[in-house]
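Hi everyone, thanks for coming. Have a look at the structure on the screen while I talk you through a couple of its parts.

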Amino acid sequence: MSGRTIDGRAAARLLTEGLTAEVTRLQEDGLGVGLATVLVGDGFSSAAYERRLRRLATELGVRYLPRTLPGTATEADLLAVIAELNAAPEVSGILVLRPLPAHIDEATVFRAIDPAKDIEAVHPENAGLLALGVPRFVPSTAASVFHLLDTWLDQAGEDRTDFYHRSLIVVVGRSNNVGKPAISLGYHREATVESVDEWASRTGNLGRHTRRADVLIVAAGRPGLIKAEHVKPGAVVLDVGINPRTGPAGRVHMVGDVDFASVAPRVRAITPVPGGVGPVTDVWLLRNTVTAARPARALVEAS
Ligand code: NAD
């Protein structure tokens with residue numbers, strides 16, 4: 001990481017090195033690691049995520065078990081696939097890619113995942129453990145945001161505990177998969193945390209909140225939502241947004257929720273898109289899969 005830009009790719013490379021060693025250790029102990037992904041339909045972003053995970057799993061020597069269902073699949077079809085993966089000893093972690101088609105109830109599907117294989121902590125048991133501050137798994141996106149923040153603090157020579165105790169963290173976006181876990185992780189570091197969603201924007205109050213943030217975490221899925229006037233000078237900004245944009249030649253590229261060009265000169269540190277939170281999230285998902293491998297296999301062996 002150098003200058004103001006927090007380099008997510010470099011952080012992801014370091015994490016990957018550590019994981020490669022852990023996968024080797026597991027294999028030496030006779031334990032396999034397997035990641036199963038379930039993709040329903042052909043959403044652009046989820047299909048791209050699935051391809052990245054496939055590449056990374058292969059690179060790490062993690063067994064990759066993709067399941068693809070047509071967009072017309074029923075909830076019962078999907079629950080049958082999850083039951084099969086729950087029972088498969090070669091599967092350590094299960095990821096159901098979002099969004100699911102509207103006719104499938106996400107909460108029902110998440111409740112069906114074996115909590116011991118629920119690497120994104122979407123099952124109520126795991127979401128509850130996270131909220132209580134005793135997570136079994138930390139959802140990969142929020143984990144990545146705080147990993148980048150913690151690492152940046154270390155490199156900046158800041159005392160983490162002191163920094164969090166005196167900081168206001170504002171989280172823009174309150175989804176179950178990103179915003180809420182990020183709020184929990186901020187609380188667990190004993191920071192003051194504020195959460196805003198689209199009503200802050202609709203009522204014209206977004207800037208009133210974001211301008212007070214020492215740390216601004218943005219996960220709204222709105223390209224360029226945060227501009228220079230929304231940010232306190234010297235803040236640290238973590239941009240979670242990944243929004244596809246079609247360029248003049250018809251090529252699709254990704255942009256964040258933060259207008260990097262206007263915000264970067266104002267802040268102490270900022271993650272870019274692409275190359276910020278995204279690459280770390282991918283590795284963290286594999287990290288959770290590796291974490292799941294030991295207890296999952298131990299349970300199977302004991303039964
Ligand atoms: P979501 O649609 O489930 O939730 C969006 C949240 O943002 C909601 O709480 C909504 O109220 C809020 N919001 C929407 N418009 C707003 C506005 N104008 N002002 C303030 N708040 C607003 O989305 P999500 O799944 O949480 O994802 C958010 C973004 O993060 C998307 O761009 C997604 O692609 C990206 N994402 C990135 C990663 C990563 O690894 N970097 C991982 C997951 C999601």
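**A sheet, two helices and a ligand**

Let's start with strand S1, residues 34–40, which runs parallel to S3 and is joined to it by 4 bridges. If you want to find that spot, look for Leu35, which stands opposite Gly93 in S3. Keep in mind that this is a predicted model.

Now zoom out a bit. In what order do the strands of the open sheet come? It goes S2-S1-S3, so to speak, 3 strands with parallel pairing. S2 (63–69) and S3 (93–96) each have a single partner strand, so they sit at the edges, and one side of each has no neighbour in the sheet. From one strand to the next, the twist averages 15°.

What packs on this sheet? Helix H2, residues 44–60, does, and it touches S1, S2 and S3, with its direction at about 160° to that of S2. Helix H3, residues 75–87, packs on the sheet too, touching S1, S2 and S3, and there the angle with S2 is about 165°.

Okay, over to the ligand. There are 23 residues around it, and Arg174, Ser175, Ser201, Val240 and Thr281 are the closest. By class, that shell has 8 nonpolar, 10 polar and 5 charged residues. Which helix gives the most to the shell? That's H12, with 3 residues.

For polar atoms, check the side chain of Ser201: an N or O atom there is 2.6 Å from a nitrogen of the ligand. Arg222 has a polar side-chain atom 3.2 Å from a ligand nitrogen. And of the 870 Å² that the ligand exposes when taken alone, the protein buries 77%.

How values were computed:
Residues numbered from 1 in each chain as written. Predicted model: local features only at pLDDT ≥ 70, side-chain atom pairs only at ≥ 80, totals over all residues. Heavy atoms only, no water. Pairing = 2+ DSSP bridges. Axes fitted to C-alpha atoms, helices over the stretch in contact; angles between N-to-C directions. Contact = heavy atoms within 4.5 Å. Near = heavy atom within 4 Å. Polar contact = N/O pair within 3.5 Å; in protein donor to acceptor, adjacent residues only side chain to side chain. Areas by Shrake-Rupley, 256 points an atom, 1.4 Å probe, with all protein chains shown as cover. Nonpolar A, V, L, I, M, F, W, Y, C, P; charged D, E, K, R; others polar.
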